[in-house]
Each structure stands twice: as structure tokens, then as C-alpha cells.
Amino acid sequence: MKRKLLSSLIAGLGLGLLGAGAAQAQISGNTVKIGVLNDMSGLYADITGQGSALAARMAVEDYKKATGSKLNVEVVSADHQNKPDVGSNIARQWYDTQGVDAIFDVPTSSVALAINQLSREKNKAFINSGAATADLTGKSCSPNTVHWLYDTWMLANGTGSAIVQSGGDSWFFLTADYAFGHALERDTEAVVLKSGGKVRHPFPGQDFSSFLLQAQSSKAKIIGLANAGGDTINSIKQAAEFGIGKGGQQLAALLMFLPDVHSLGLQTAQGLIFTESWYWDLNDGSRAWAKRFVAANGNKYPSSIHAGVYASVLHYLKAVEAAGTDAGDKVVAKMKVLPTDDALFGKGSIRADGRKVHPVYLLEVKKPSESKGGADYLKVRATIPADKAFRPLKDGGCELVK
């Protein structure tokens with residue numbers, strides 16, 4: 001199976017390497033240095049963390065095996081602690097003194113927006129899989145940035161639209177009080193109101209119990225969780241304690257990942273629906289890669305963010321060699337020209353605004369009786385095609401779109 005996976009990589013990554021020596025001469029420091037920057041110790045450590053660094057190293061290994069590339073590639077990683085100032089300081093040191101050419105992952109939208117601006121100033125590449133704000137390909141778009149995996153528009157128009165269409169036309173949001181939460185609530189609210197629904201908003205804060213009780217008394221049909229990671233897990237657990245979901249109200253987790261379902265358990269999470277870009281059990285390629293990842297990651301299954309880091313590193317390295325340089329704007333421009341193709345996401349493309357386009361999936365958490373064990377947690381309710389999954393190019397307000 002590993003040989004088959006590498007064969008598919010060769011087909012997807014195939015490029016002439018006759019100019020590899022010349023390309024090497026244009027690589028600063030003679031090494032392509034990749035920085036994986038994310039939450040290594042907090043709310044999002046399970047869905048990003050060391051798993052993303054592992055995914056990046058796997059991508060480097062697979063790329064070199066598949067293509068015979070002689071590029072020198074190094075992967076470093078650090079914990080941004082979900083703080084924009086911490087993330088910016090690490091990125092600045094990486095760029096200015098440690099020779100990092102590109103930063104990957106970066107969950108927490110406020111941190112991602114800061115790295116987005118810094119990468120443009122330093123002419124480095126920023127390939128994001130972990131953050132959700134659609135502003136990265138909208139008003140804050142950059143010629144140095146690719147948004148690889150998911151965004152708030154995708155989540156809202158996947159999960160939000162599906163729930164509204166099934167009768168969930170009144171919402172109460174529990175919103176994380178930072179850029180991601182605000183963007184997710186904004187984009188979901190637009191979908192709900194467009195469909196004739198109405199929304200209510202809690203006051204910002206950290207007290208989930210208080211907000212859940214407000215949501216319960218609001219009589220809104222849907223309680224939308226515009227948060228992520230540990231916040232989502234705690235919200236759902238506390239909602240279960242209050243009996244929310246048994247009185248006709250439904251929880252809508254607008255952003256969830258496989259490790260979140262694992263933490264909750266099927267008994268608590270069953271029936272939740274959410275939108276995802278990737279799931280380990282989608283196809284043979286995903287299953288083969290997940291098996292390798294699990295073996296190297298202490299039997300922990302990959303999240304979609306881990307898969308996004310893997311696939312985006314593959315495409316980045318392909319673009320570096322094709323461009324013959326590691327200059328951020330030139331590599332990102334080449335990433336947009338070259339079609340994406342890998343064993344996890346299949347064929348795709350990157351638009352002028354930096355949005356990587358691929359199908360996404362509306363998933364439902366299985367009942368305990370439906371699971372075959374292991375990480376068999378999810379079933380696909382619908383596939384949203386690539387041309388419908390993300391915000392139309394003309395609607396984002398990106399300066400790069402002519």
C-alpha cells in the first residue's frame with residue numbers, strides 16, 4: 001500500500017528535475033526551511049500540535065522519495081500559545097535570523113492574520129491550514145499566502161445551510177471572543193438570515209454555563225457553537241449536563257475535528273453534524289496515509305489539519321523546485337499555476353486570492369451501535385463540490401482578483 005501511495009505521489013508531483021542544480025543555487029542558505037507554528041500545549045494541541053510537525057516531516061520524506069529531489073529541507077516547529085504577539089515574535093526570529101522560508105499551519109485566526117502580514121513584509125511564504133477566518137482570502141489576502149484547508153464561509157455554508165434547510169431557522173450563538181469566532185458567527189448569521197431565520201447573540205465571556213442557560217431559555221431551535229477545540233468540547237459536555245438537546249433544541253458545532261469527537265465519545269457526540277475538508281476513512285489514499293500517521297503518532301488518528309499540512313508541504317516543495325527559488329511571492333505564484341494533486345485531497349487548484357479549492361463533506365457523528373470500533377466515528381451525509389464549497393472569487397474583496 002505504501003508503494004502504491006508513493007506511485008500516486010510520483011504521478012501527482014511529477015516534474016522535470018533536470019534544473020534541480022540550478023534551482024538549488026537560488027535557495028537561500030542552500031536549504032528550504034519550513035516552520036510549523038501552532039498550538040502545542042493548549043486548546044488546539046490535539047488537532048494541530050506535534051501532529052502537524054509530524055505531517056510536515058512525512059511530506060518531506062514522501063516528496064523526496066517520489067521525485068528523487070536533492071533539495072535540502074529542514075522542518076522546525078514552535079508553540080504560539082494562541083497569542084498574536086508570541087506568534088509574531090517567533091515568526092520574526094525565524095525569518096530574520098534562522099533562515100525559515102515558509103510557515104505552515106497556524107491555527108487561531110488572530111495569530112494567522114498577524115503572520116499573514118509579517119510574511120508579506122518579509123517576502124516569505126505563509127501556507128495556512130489551521131485558521132478559519134475567510135479574511136485571509138478576502139480583505140486581508142496577500143500574494144504570499146495560501147489558505148489551504150477550510151474557512152468560516154465554507155463552514156457556514158456547509159453546516160449552516162444544511163441545518164436551516166432542515167428547519168433550524170432560529171439560532172443562538174456561543175461565540176469565541178476573537179477573530180475566528182466573530183468571523184464564523186458573521187458568516188453563519190449571513191446564511192441563516194438569507195434563509196429567513198433569526199439569530200441571538202450572547203455577551204462575550206468565558207462562562208459557558210451562563211451562556212448555555214441563556215441559549216436554553218431563548219427557545220432558539222439551534223444553539224450554534226462558534227468556537228473550536230477544547231471550547232467546543234466543554235460547551236457540548238456542559239450542554240449535555242443541562243439536558244440541552246432533549247427539549248427540542250439542537251446543538252450545531254460549526255467547527256469540529258476528529259480528535260474532538262474522540263474526546264467527547266460517541267455517546268455524547270452522536271448525531272452532531274459538521275463540515276470538514278478531509279476524514280481519514282474517505283478513500284484508500286486517506287486510509288493508507290492515516291495508517292502510517294497513526295503508527296508514528298502514538299496510535300492517535302490525524303485531524304484534517306494534519307492532512308492539510310501534509311498536502312500543502314508537498315505542493316510547496318513542488319513549487320519551490322519549479323520556480324527555482326524560495327522567494328515567498330514567486331513560490332506562491334507558482335503554487336497557483338501548478339495544479340494540486342495528492343493522495344489525500346486528489347486534484348484541485350489554488351485561486352488568485354490564495355484559496356485552495358477542493359470538495360468538502362457534511363459529516364454526521366455515528367451512534368455507538370454504528371461504529372465498527374477504532375476511530376470509525378463519522379459518516380458522510382453529503383459531498384459539497386469544489387465549485388460550491390468556498391466563497392465565490394468575486395465576492396471576497398481580495399485586491400489580487402482582477
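Colleague: Shall we start with helices? What should the 16 residues of helix α7 (residues 179-194) span, and how far apart are its end C-alpha atoms?

Modeller: A good place to begin. The idea is to take 1.5 Å times one less than the number of residues as the expected span. For α7, with its 16 residues, that gives 22 Å, and the end C-alpha atoms are 22 Å apart, so the two values agree. Bear in mind as we go that this is a predicted model.

Colleague: Which residues of α7 are buried?

Modeller: The cut-off to keep in mind is a relative accessible area under 20%. In α7, the residues that count as buried are F180, G181, A183, L184, E185, D187, T188, V191 and V192. Keep D187 in mind, as it returns when we come to the salt bridges.

Colleague: And what follows α7?

Modeller: Look at the backbone there. G196 follows the helix, and its phi is positive, near 90 degrees.

Colleague: Let me try the same reading on α9. What span should its 13 residues have?

Modeller: The reasoning carries over. At 1.5 Å a residue, α9 should span 18 Å; its end C-alpha atoms lie 19 Å apart, which agrees. Just after α9 comes G243, with a positive phi of about 75 degrees.

Colleague: Which residues of α9 are buried, and what covers them?

Modeller: Take the burial list and then ask which elements are in contact with it. The buried residues in α9 are G229, G230, D231, T232, I233, S235, I236, Q238 and A239. Their cover includes the helices α8, α10 and α11 together with the strands β8 and β9.

Colleague: Now for charges. How many salt bridges does the count come to?

Modeller: Side chains of opposite charge can pair when their charged atoms come close. Here the count comes to 17 salt bridges. One of them joins K221 to D169, with the closest N and O atoms 3.1 Å apart. K221 sits in the loop between α8 (208-218) and β8 (222-226), and D169 in the loop between α6 (152-165) and β6 (170-175), so this pair ties together parts that are 52 residues apart in sequence.

Colleague: Are K221 and D169 buried or exposed?

Modeller: The classes leave a middle ground, from the 20% cut-off up to 50%. K221 counts as partly exposed because its relative accessibility is 39%. D169 is partly exposed too, at 31%.

Colleague: Which residue does D376 meet in a salt bridge?

Modeller: That partner is K366, at 2.6 Å from N to O. Both residues lie in the loop between β14 (360-365) and β15 (378-384), so the pair ties together parts that are 10 residues apart in sequence. D376 counts as buried at 7% relative accessibility, and K366 is buried at 12%.

Colleague: You promised to return to D187. Which side chain does it meet?

Modeller: R186, with 3.0 Å from N to O. R186 is partly exposed at 37%, whereas D187 is buried at 11%. It also pays to look for links beyond a single pair: D135, R186 and D187 form a network of salt bridges.

Colleague: Let's turn to empty space. What is the volume of the largest pocket, and which residues are closest to its centre?

Modeller: Read a pocket by volume, then by lining. The largest pocket has a volume of about 360 Å³. Its lining has 18 residues, and D46, P259, N297, K300 and Y301 are the closest to the centre. The elements that give two or more residues are α3 (49-67) and α10 (258-264), with the largest share, 4 residues, coming from α10. By class, the lining holds 7 nonpolar, 9 polar and 2 charged residues.

Colleague: And how is the second largest pocket lined?

Modeller: About 290 Å³ of space lies in it. Of its 15 lining residues, I244, G245, L251, T268 and Q270 lie nearest the centre. Here we meet α9 (229-241) again, which gives two or more residues, as do β9 (250-253) and α11 (266-269). The largest share, 3 residues, comes from α9.

Colleague: Finally, how many cavities does a search of the whole structure find?

Modeller: Unlike an open pocket, a cavity is closed to the probe. The search finds 3 cavities of 30 Å³ or more. The largest cavity has a volume of about 90 Å³. Among its 15 lining residues, T108, G130, Y150, A228 and L255 lie nearest the centre. The lining divides into 12 nonpolar and 3 polar residues, with no charged ones.

How values were computed: Residues numbered from 1 in each chain as written. Predicted model: local features only at pLDDT ≥ 70, side-chain atom pairs only at ≥ 80, totals over all residues. Heavy atoms only, no water. 1 Å grid on protein atoms, 1.4 Å probe; cavity = no way out; pocket = protein on both sides within 12 Å on 5 of 7 lines; lining within 4 Å. Points joined across faces, edges and corners; volume = space filled by probe spheres on them. Nonpolar A, V, L, I, M, F, W, Y, C, P; charged D, E, K, R; others polar. Salt bridge = Lys/Arg side-chain N within 4 Å of Asp/Glu carboxyl O. Buried < 20%, exposed > 50% of the residue type's maximum accessible area, 1.4 Å probe, protein only. Contact = heavy atoms within 4.5 Å.
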